[in-house]
Amino acid sequence: MGVLTTYQQQLQDMVNKGIDAAEKQQKRLSAKPFDMAEKLEESARTHSVKSLRKSYYGYSENVFDQLRELNGMVGEFTAQLISRVEKQAAEGADAVEEGAVDVAATAEDVKAAVEPTKSARKSSPKKAKAAPVAATKAEKAEDSKEVKAEEAEPAKASDAKTEETASA
């Protein structure tokens, strides 16, 4: 934003110079009728009020023509200023766009590099999780078989005792 501040200062300096020039010209022009009036006092018959008015209006027109010229110069300066700012903004936008394209390309490269690793990781944890679950299920099944076997053995022993008692 330093560039815009510089442009603003340049514009203000230009307008101040124009105001100073207009003031100087106005003083010079307003002095003319008084100079003429002084001359008129000296030789009242040589100058008429009409000629005095005509001179004054001529000088006034000159001042306002110069102010219009100054306005045109300010307009040209402002147009140049705006074109510079727009050019810099466009260059900045282009740089941002190029940066965004580079970031997107880098992101795609990283994504492509990470995806095979992700799929390998996904299959490994599933297998790793599945193995403990299967082992736990197998252990539970073996435990339940043992419990059933233990429950079945005392019944067989009692049956054997019953048979011994019956034969005796």
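Visitor: By which rule is a salt bridge counted, and how many salt bridges are there?
Guide: A salt bridge is a side-chain nitrogen of Lys or Arg within 4 Å of a carboxyl oxygen of Asp or Glu. The structure is a predicted model, and side-chain atom pairs count only at pLDDT 80 or more. By this rule the count is 2 salt bridges.

Visitor: Which helix holds both Lys-27 and Glu-23?
Guide: The side chains of Lys-27 and Glu-23 form a salt bridge, with N and O 3.8 Å apart. These two residues are 4 apart in sequence, about one turn of the helix. The helix in which both lie covers residues 2–42 and is H1.

Visitor: Is Lys-27 buried or exposed?
Guide: A residue counts as exposed when its relative accessible area is over 50%. Its salt-bridge partner Glu-23, at 44%, is partly exposed. Lys-27 has a relative accessible area of 55%, and therefore the class of Lys-27 is exposed.

Visitor: How far apart are the closest N and O atoms of Arg-68 and Asp-65?
Guide: Arg-68 and Asp-65 both belong to helix H2, which spans residues 49–167. They are 3 residues apart, so about one helical turn separates them. Their side chains make a salt bridge, and the closest N and O atoms are separated by 3.4 Å.

Visitor: What class of accessibility does Asp-65 have?
Guide: Arg-68, the partner of Asp-65 in the salt bridge, has 58% relative accessibility and counts as exposed. Asp-65 has 45%, which lies between the limits of 20% and 50%. The class of Asp-65 is therefore partly exposed.

Visitor: Why is the pair of Tyr-56 and Tyr-57 classed as it is?
Guide: A search of the whole structure gives 1 aromatic pair. The ring centres of Tyr-56 and Tyr-57 lie 6.1 Å apart, and the ring planes meet at 55 degrees. Planes under 30 degrees apart count as stacked and those over 60 as edge-to-face. Because 55 degrees falls between these limits, the pair is tilted.

Visitor: What is the relative accessibility of Tyr-57?
Guide: Tyr-56 counts as partly exposed at 34% relative accessibility. Tyr-57 also counts as partly exposed, and its relative accessibility is 47%.

Visitor: What percentage of the residues of the protein chain count as buried?
Guide: The protein chain contains 2 helices and 0 strands. It exposes about 13,900 Å², of which carbon and sulfur atoms supply 57%. Among its 168 residues, the portion that counts as buried is 8%.

How values were computed: Residues are numbered from 1 along each chain as its sequence is written. This is a predicted model: local features need pLDDT of at least 70, side-chain atom pairs count only at pLDDT 80 or more; totals for chains, interfaces and linings use all residues. Side-chain values use heavy atoms; hydrogens and water are left out. Buried means under 20% relative accessible area, exposed over 50%, partly exposed in between (1.4 Å probe, protein chains only). Accessible areas come from the Shrake-Rupley method with a 1.4 Å probe; for residues, only the protein chains shown count as cover. Rings of Phe, Tyr and Trp (its six-membered ring) pair if their centres lie within 6.5 Å; planes under 30 degrees apart count as stacked, over 60 as edge-to-face and the rest as tilted.
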